[in-house]
Amino acid sequence: LGHHEFTITPRRGELIVYDKFSRSLINHIILPVPNKITKGVLISPTVYGNLLLGPTAEDLTDKTNTATSEAGLQLLLEKGREILPDLMQEEITATYAGLRAATEHKDYQIRSHPEQGYVCVGGIRSTGVSGAMGIAVYVAELLAEAGLALNAKPIFQPVYMPNIGEATPRPYQRPDLIAQNPDYGRIVCHCEKVTRGEIEDALHSVIPAQTLDGLRRRTRALQGRCQGFNCQAELVAALDEAKPD
Ligand SMILES: Cc1cc2nc3c(=O)[nH]c(=O)nc-3n(C[C@H](O)[C@H](O)[C@H](O)COP(=O)(O)OP(=O)(O)OC[C@H]3O[C@@H](n4cnc5c(N)ncnc54)[C@H](O)[C@@H]3O)c2cc1C
């Protein structure tokens, strides 16, 4: 479209996920004072009941490099030891990395080009979740100013995702659901307490899971401390059964 106002530089953040046994070590997020580049390495509970240590902040050139590194993980362990020494006794479940969409500018890059019918929303660095609602409202305003008619749908059907966090009871904790369908009482993934009922729901949902990875993202099966050692065979068989002939 002929715009060259910014360049995305991937800023890698590596993280360590600790086993759920570590969860009781803290009651809230422990966050150091942020600096210009990053808010720093923090320790945070996750909605799934783990503890998370991270992230690092490292500018890369390769936009596909989501690998963790020895240096990155070492740095995290050093910072983690300073913040919460007891964490070092806990088991690590997984490590991973993500790339932030950093640019040469400090702020988000949101620009309207009404003559092209185009709004650019980029450079949403590391505050994309917190900023998402505000960004959406702002972009809707830009679109309206550009002349787009924004009419509310007469019937709005919200999309609900199944609860896979720990804020509300999961299916295995709900006798009412289990009475309706005993598969909600049959645990397949014991680490994350994912039931056969939830697996079947994910395999037959509006956008059904078709791969192990799809099933993992929808249910958290394979994400726990055994990383699929115990449940993978049953998940593969369930995927196979659900495939149309
Ligand atoms: C290290 C790091 C730290 C961060 N810290 C914070 C923070 O503290 N606070 C905050 O608010 N934000 C933070 N962010 C930013 C936040 O994570 C992102 O802004 C947010 O996740 C973006 O959400 P999204 O749904 O747009 O995209 P994503 O979360 O990237 O989701 C896109 C999904 O689409 C899938 N996908 C991609 N291509 C395809 C395809 N072709 N077909 C099917 N699926 C596809 C991807 O697998 C992915 O699951 C951080 C980001 C990083 C990397």
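1. A good place to start is Gly 128: one of its backbone N or O atoms lies 3.2 Å from a nitrogen atom of the ligand, a polar contact in the sense of a pair of N or O atoms within 3.5 Å. The protein buries 37% of the 1,000 Å² that the ligand exposes when taken alone (accessible areas by the Shrake-Rupley method with a 1.4 Å probe).

2. Before going further, please note that this is a predicted model, where local features need pLDDT of at least 70, side-chain atom pairs count only at pLDDT 80 or more, and totals for chains, interfaces and linings use all residues. Residues are numbered from 1 along each chain as its sequence is written, and side-chain values use heavy atoms, with hydrogens and water left out.

3. Two other residues also meet the ligand through their backbone. A polar backbone atom of Ser 126 is 3.1 Å from a ligand nitrogen, and a backbone N or O atom of Thr 127 is 3.5 Å from a ligand oxygen.

4. Which residues are closest to the ligand? Of the 13 that surround it, they are Ser 126, Gly 128, Val 129, Ser 130 and Arg 217; a residue belongs here if one of its heavy atoms lies within 4 Å. The shell comprises three nonpolar, six polar and four charged residues, with Gly counted as polar.

5. Now the wider layout. The protein is divided into domain 1 (9–101), domain 2 (109–145) and domain 3 (171–242), with bounds from an automatic or database domain assignment. The ligand lies between domain 1 and domain 2, because both give residues to its shell. The C-alpha centres of domain 2 and domain 3 are 37 Å apart.

Technical notes: Polar contact = N/O pair within 3.5 Å; in protein donor to acceptor, adjacent residues only side chain to side chain.
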